[in-house]
Amino acid sequence: MTDSRKFSAIILAAGKGTRMKSDLPKVLHKVAGLEMIFHVINAAQSAGVSHIAVVTSPIQEDLRNNILAKASDETLTMAVQQEQLGTGDAVKAAIPLAGNPDKALILFGDTPLMRPDVLQQMVEHSADITLLGFMTDTPDGYGRIICEDDKPVAIIEHKDADQRTRQIKLCNGGALAVNASLLPELLNSLENNNAQSEYYLPDIVGLAHAQNISVGLVTCHQEDTMGVDTKNGLAKAEALMQNRLRQKHLDNGVTMIAPETVYFSYDTVIGPDSTIEPHCIFGIDVNIDASVTIKGFSHLEGVRAKTGVQIGPYARLRPGTHLGVNAKIGNFVETKKAHILKDAKVSHLSYIGDAHIGEGANIGAGTITCNYDGYDKHLTEIGAGAFIGSNSSLIAPVKIGEGAYIGSSSSISGEVNADSLALTRAPLREIEGWSVKFRMKKTKSDEAEDK
Ligand code: UD1
């Protein structure tokens, strides 16, 4: 951003959030795999704020610790609002910690769909106070923006509005950008003689108008400022976010024949010309190169996949899975902490955990790495070009040399040299005519029982 002025964000999160019916603080509920408050923090940071203060209540120590533990930015501080006396009072608690900005952007921590470009328009607006508004046919519950000559002059909360005011469709989105030098005095002038006996932040608009302080308006879509108060609201926010993410990946050149069935995380990265078949789920931390195919009903989390990789259908790839160029993971394969290099194949019904599989190795159907002894995890190393016969158990720690061949149904531990054949299969034993005698014996005993 070119503007050299300093912008801070004050994010309000001290509300009780009781309607979520959860022990987890409201703003820590996740949308697309990220806590709501971090969606807001990320949007503010993308919009160019230099400092963030989050307002919490005295009992929300867990929330404060949680945010501070995950925040990557040292310029994020925590404020405490002693009593929940309203949004205007909440902002007051943050002012000493807001980093002495030129403008303060006031946001709500339960609005995960807030867009950075909208916030940027707000902080860059020339007015001393910039409101965020949206038009809607369903304005119930929202504060209404009162305009004179198309300019905002006041906000009236739904509960305080008369019938005529309730007809207004231009609603307050909640967020505000305010010239920081004016903010303390405006907040100190707020009164709580209203339907909820609260100090309403939006009342600063009426106060500003009375003092000839300039007020501007930025408009957005209703969903951009949607606040989440209930699990129903959380599900709606998730659905809206998923639509945004699907659109983003389609725009980036990812092919999906049924995008409405695919679920992404906020941080999913997929290169162009990759194909995602229906019903795939992307947990956090997945980074897929270009031209990768992920077949239906696959679940990925913590995965890196290079170009040309094929995955699924019905694959479960867990954190620490790295797939080299053109590697193949087939149906009903589970992987975890597994580096599967270029051209290697794990085509059917396997568990590959804590493993390093060399280039071009072939892992037969039903192969299992026995990586856990009940106390520790152990490593399986398979050299380039090795062939693991079907239904083998690789009892880690185990090291199979390059080009080695493991006979099907073997249980292998220790080391197998490069290019060797190793097998632990019991030799075939055949007893001619045995089954005829067995059947006769069984038939006779059944007849005796029936008598
Ligand atoms: C607010 C606006 C309303 C606007 C709507 C948009 C006020 C008074 N009203 O109403 O004009 O249309 O947003 O969604 O601002 N909070 C605190 N401390 C408090 C009270 C609230 O930190 O004492 C926090 C809450 O945790 C929440 C945010 O402020 O994140 C908004 O509070 P809430 O009571 O939900 O305001 P709305 O009813 O949504």
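By a nonpolar patch I mean a group of Val, Leu, Ile, Met, Phe, Trp or Tyr residues that have over 30% relative accessible area and no salt bridge, with their side chains joined within 5 Å. With that in place, and keeping in mind that what we have here is a predicted model, F297, Y314, F332 and L349 together make such a patch on the surface, with an area of about 430 Å². Of these residues, L349 belongs to the loop that runs between β25 (345–348) and β26 (351–357).

Let me turn to the ligand, which sits in the largest pocket. Two elements, α3 (87–94) and β10 (170–179), give two or more residues each to the shell around the ligand. That shell holds 19 residues, and the closest are G15, Q81, T87, E157 and N172.

Oxygen atoms of the ligand also come close to the backbone: a polar backbone atom of L12 is 3.2 Å from one ligand oxygen, a backbone N or O atom of A14 lies 3.0 Å from a ligand oxygen, and for G143 the corresponding distance is 2.9 Å. As for burial, the ligand on its own has 760 Å² of accessible area, of which the protein covers 84%.

Finally, the salt bridges, of which the count comes to 13. One of them pairs K169 with D137, where the closest N and O atoms are 3.1 Å apart. Because K169 lies in the loop between α5 (163–166) and β10, while D137 lies in the loop between β7 (129–135) and β8 (144–148), this pair ties together parts of the protein that are 32 residues apart in sequence.

How values were computed
Residues are numbered from 1 along each chain as its sequence is written. This is a predicted model: local features need pLDDT of at least 70, side-chain atom pairs count only at pLDDT 80 or more; totals for chains, interfaces and linings use all residues. Side-chain values use heavy atoms; hydrogens and water are left out. Patches are made of residues with over 30% relative accessible area and no salt bridge: like charges are joined within 9 Å, nonpolar side chains (Val, Leu, Ile, Met, Phe, Trp, Tyr) within 5 Å. Accessible areas come from the Shrake-Rupley method with a 1.4 Å probe; for residues, only the protein chains shown count as cover. A salt bridge is a side-chain nitrogen of Lys or Arg within 4 Å of a carboxyl oxygen of Asp or Glu. Helices (H or I, at least four residues) and strands (E, at least two) are DSSP runs, numbered from the N terminus. A residue is near a molecule or strand if one of its heavy atoms lies within 4 Å of it. A polar contact is a pair of N or O atoms within 3.5 Å; within protein, one must be able to donate a hydrogen and the other to accept it, and residues adjacent in sequence count only if both atoms are side-chain atoms. On a 1 Å grid over the protein atoms alone, a cavity is a set of points where a 1.4 Å probe fits but cannot get out, and a pocket is an open set with protein on both sides within 12 Å along at least five of seven lines; lining residues have an atom within 4 Å of a point. A molecule sits in a cavity or pocket if more than half of its atoms lie within 2 Å of its grid points.
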